[in-house]
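Here's a quick briefing on a single protein chain, put together for someone who likes to see the cut-offs. Have a look at the model first, then read on.

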Amino acid sequence: MTITAKHSQESVIRMTELVLPNDTNTFGNLMGGRLMYWMDIAAALACMKHCSAPVVTASVDNISFETPIKLGNVVHIEARVSRAFTTSMEVHMRVWGEDPVQQYRYKSNEAFMTFVALDPNGKSRPVPAIIPDTEEEKRLYDGALRRRQLRLILSGKMKPEDADELKALFFEKAAK
């Protein structure tokens with residue numbers, strides 16, 4: 001079976017949600033858990049669009065909440081596959097809040113998630129490679145291997161001395 005590579009742009013998912021009272025904490029801000037739930041859905045949809053298969057969340061990188069999103073504001077989530085490995089895909093997420101009354105948009109946060117594609121038996125299956133086109137897509141694609149090695153080290157699945165991409169980054173910077 002031949003798997004044809006796909007362009008990163010082909011996996012883009014844009015999701016929009018309205019922040020309602022049930023979504024907020026006692027300060028009137030969108031709860032972080034609710035935002036992570038929405039981000040997980042958007043990321044899964046981007047991966048399913050990319051690989052045409054069911055997927056499961058494998059990891060969530062650090063999510064920093066830069067700007068709170070208030071009750072009554074709109075949440076915009078953009079998810080795209082930034083790189084595909086053998087059976088896993090890294091997804092880059094961007095989140096903006098929007099005040100629909102004042103008509104301004106603001107960045108809320110950015111994150112990376114990793115998903116694994118599943119075959120009909122629930123086992124991991126190969127996924128198409130990603131073709132990055134824009135400068136930003138190339139930057140995300142190039143950094144994905146380092147982020148993957150860091151995730152594997154932190155989860156105990158890789159020894160630090162085996163992380164060639166990370167070592168090259170640190171030794172390259174030290175040599176300058």
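Let's start with helix 1, residues 32–51: its 20 residues should span 28 Å at 1.5 Å a residue, and the end C-alpha atoms do sit 28 Å apart, so the two agree. The expected span here is 1.5 Å times one less than the number of residues. Keep in mind that this is a predicted model, where local features need pLDDT of at least 70 and side-chain atom pairs count only at pLDDT 80 or more, while totals for chains, interfaces and linings use all residues. Numbering runs from 1 along each chain as its sequence is written, and side-chain values use heavy atoms, with hydrogens and water left out.

**Overall layout**
- The protein has three helices and seven strands, taken as DSSP runs numbered from the N terminus (helices are H or I, at least four residues; strands are E, at least two).
- From the N terminus on, the order of elements is β-β-α-β-β-β-β-β-α-α.
- The C-alpha trace spans about 50 × 45 × 30 Å along its principal axes.
- Of the 176 residues, 41% are buried (buried is under 20% relative accessible area, exposed over 50%, partly exposed in between, with a 1.4 Å probe and protein chains only).

**Helix 1 and its cysteines**
- Buried residues of helix 1 include Leu35, Trp38, Met39, His50 and both Cys47 and Cys51.
- Cys47 counts as buried because its relative accessibility is 0%, and Cys51 counts as buried at 5%.
- You'll find zero disulfides in the structure, a disulfide being a pair of cysteine sulfur atoms within 2.5 Å.
- For Cys47, the closest cysteine sulfur is that of Cys51, 6.6 Å away, so the two are too far apart for a bond.

**Positive phi values**
- Most residues other than glycine have a negative phi, and a couple of loop residues here go the other way.
- Ser52 comes just after helix 1, in the loop between that helix and strand 3.
- Phi of Ser52 is near 55°, and the residue is exposed, with a relative accessible area of 61%.
- Gln103 lies in the loop between strand 5 (88–99) and strand 6; its phi is near 60°, and at 59% relative accessibility Gln103 counts as exposed.
- Gly156, just after helix 2, takes a positive phi of about 80°.

**Helix 2**
- For the 20 residues of helix 2, 1.5 Å a residue gives an expected 28 Å, and the end C-alpha atoms are 29 Å apart, which agrees.
- Helix 2 bends by about 35° at Ala144, where the bend is the angle between axes fitted to the seven residues ending there and the seven starting there.
- Ala144 is also one of the buried residues of helix 2, along with Glu137, Leu140, Gly143, Arg147, Gln149 and Arg151.

**Largest pocket**
- The largest pocket has a volume of about 220 Å³, the space filled by probe spheres set on grid points joined across faces, edges and corners.
- A pocket is an open set of points on a 1 Å grid over the protein atoms alone, where a 1.4 Å probe fits, with protein on both sides within 12 Å along at least five of seven lines; lining residues have an atom within 4 Å of a point.
- Its lining consists of Ala58, Ser59, Ser88, Thr114, Val116, Arg148, Arg151, Leu152, Ser155 and Lys157.
- Strand 3 (55–60), strand 6 (104–117) and helix 2 (135–154) each give two or more residues to that lining, with helix 2 giving the most, three residues.
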